[in-house]
Amino acid sequence: MTEQSFQKIFGAPAEVVVRAPGRVNLIGEHTDYNDGFVLPAAIDRAITFAGRRRSDRTVRVHSLDFQASTEFSLDDLQKDKEHSWSNYLRGVTKFLEEDGHRLTGADVVFGGDVPREAGLSSSAAVEVGTTAFWDRLLGLKLDPVYVVRLSRRAENEFVGVPCGIMDQFISALGRRDHALFLDCRDLSYRHVPLRSDVKILVCNSGVKRALAQSEYEVRLKQCRQAVAQIASTGLAVGSLRDVEPADLETAHDTLSEILLRRARHVVSENARVLEAVRVLEEGDLDRFGELMNASHESLRDDYEVSSKELDVLVETAWKQPGVLGARMTGAGFGGCTVNLVRAEAAEAAAEAIKKGYQEALGLKAEVYICQASDGALAG
Ligand code: GLA
């Protein structure tokens, strides 16, 4: 599709085609920026880039999803307010140049089926896709973790969104039929097989994540404050990753009620991820599901990043036969829920969740039955 559009728009065949997927996080929410653990999977919805080199220093870009074009010079990489969809590409491109990779101009077409602002990391897919596109077009042979870090840097420093590293990591390094267990402190990771008799169901609440960015920043600060206050009791902690449940007892009187709850979410979530990986590897999907449910409760009550819509989707899912676990996924305040469902029950669960959501709130949810897929750098 993207390739054909490239041919149509630029009148020549594309030299390279690169595909970067969106993601869903099975468990480990709001832990990545606390040096913690996450277990995401890349999904079979992606942004595809098609392009070819130019002989000058101009980059011409067409977005199929926005049906808009823009161009910029590699010698003058600025943020563009008018075509803000292009800032992910501009940021990645700027930082590659700054890091000493001498790029050439290019014509690029990109687009895909990762819903935007739905918590499925369409922006990370665009960043990772852009980095992988330059890598492949110019044979840069970039180190995979460098691709991830540079893509995240574009989001943090160019676009100005203070995300952690999970989304870019999984979009680059996901593997078909596997989740990815990542230690966000040292970036060590391993792929964990997902069984074919369970499906990942993603339910899109249709509610845009209005509060997501401002509240995300508040949570980031609260986590830092909690670490500083816990450290002031004499415990040697550099991030919430270092905090044990017993430490929270010790620091109980030092922390305000709200900081205690924020910290308790992160500390308990890290423990849940470790157990979730273990039980997934042992094939105990019932326990895995219970951990997903507990994660949702913790995000709802202690971290306070859920919403009425997400709670209704999750609580409806919990009642369906064959649903092993359900929780909100991503930053929260709207976006999607993730459900692990026995394969034979997936269709019926999807219908029942849509119906329950419509009846409770008068809203329409979209449900995607997803398959864990390869990241942009796989293969
Ligand atoms: C967003 C961020 C990620 C992560 C999640 C919450 O998706 O981009 O880095 O922090 O929220 O787990």
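**Exercise 1. Describe the largest pocket of this predicted model: its volume, its centre and its lining.**

Solution.
Step 1. Start with volume. The largest pocket holds about 1000 Å³ of space.

Step 2. Find the centre. The lining counts 45 residues, and the closest to the pocket centre are Tyr88, Ser123, Glu155, Val161 and Arg209.

Step 3. Assign the lining to elements. Two or more residues each come from helix 2 (87-98), strand 5 (106-112), helix 3 (122-138), helix 4 (144-159), helix 5 (166-173) and helix 6 (212-231).

Step 4. Pick the top contributor. Helix 3 gives the most to this lining, with four residues.

Step 5. Sort by class. The lining of the largest pocket has 21 nonpolar residues, 13 polar ones and 11 charged ones.

**Exercise 2. Do the same for the second largest pocket: give its volume, lining residues and contributing elements.**

Solution.
Step 1. Again, volume comes first. About 200 Å³ of space lies in the second largest pocket.

Step 2. List the lining. It is formed by Asp177, Leu194, Arg195, Ser196, Val198, Lys199, Ile200, Leu340, Ile369, Cys370, Gln371 and Ala372.

Step 3. Map these residues to elements. Strand 8 (198-204) and strand 11 (366-370) are the elements that supply two or more lining residues.

Step 4. Name the main contributor. Strand 8 provides the largest share, three residues.

Step 5. Sort by class. Seven residues lining the second largest pocket are nonpolar, two are polar and three are charged.

**Exercise 3. Which element gives the largest share of the lining of the second largest pocket, and which gives the most to that of the largest pocket?**

Solution.
Step 1. For the second largest pocket, the answer is strand 8.

Step 2. For the largest pocket, the answer is helix 3.

Terms used
Residues are numbered from 1 along each chain as its sequence is written. This is a predicted model: local features need pLDDT of at least 70, side-chain atom pairs count only at pLDDT 80 or more; totals for chains, interfaces and linings use all residues. Side-chain values use heavy atoms; hydrogens and water are left out. On a 1 Å grid over the protein atoms alone, a cavity is a set of points where a 1.4 Å probe fits but cannot get out, and a pocket is an open set with protein on both sides within 12 Å along at least five of seven lines; lining residues have an atom within 4 Å of a point. Grid points are joined across faces, edges and corners, and a volume is the space filled by probe spheres set on the points. Ala, Val, Leu, Ile, Met, Phe, Trp, Tyr, Cys and Pro count as nonpolar, Asp, Glu, Lys and Arg as charged, and the others, Gly among them, as polar.
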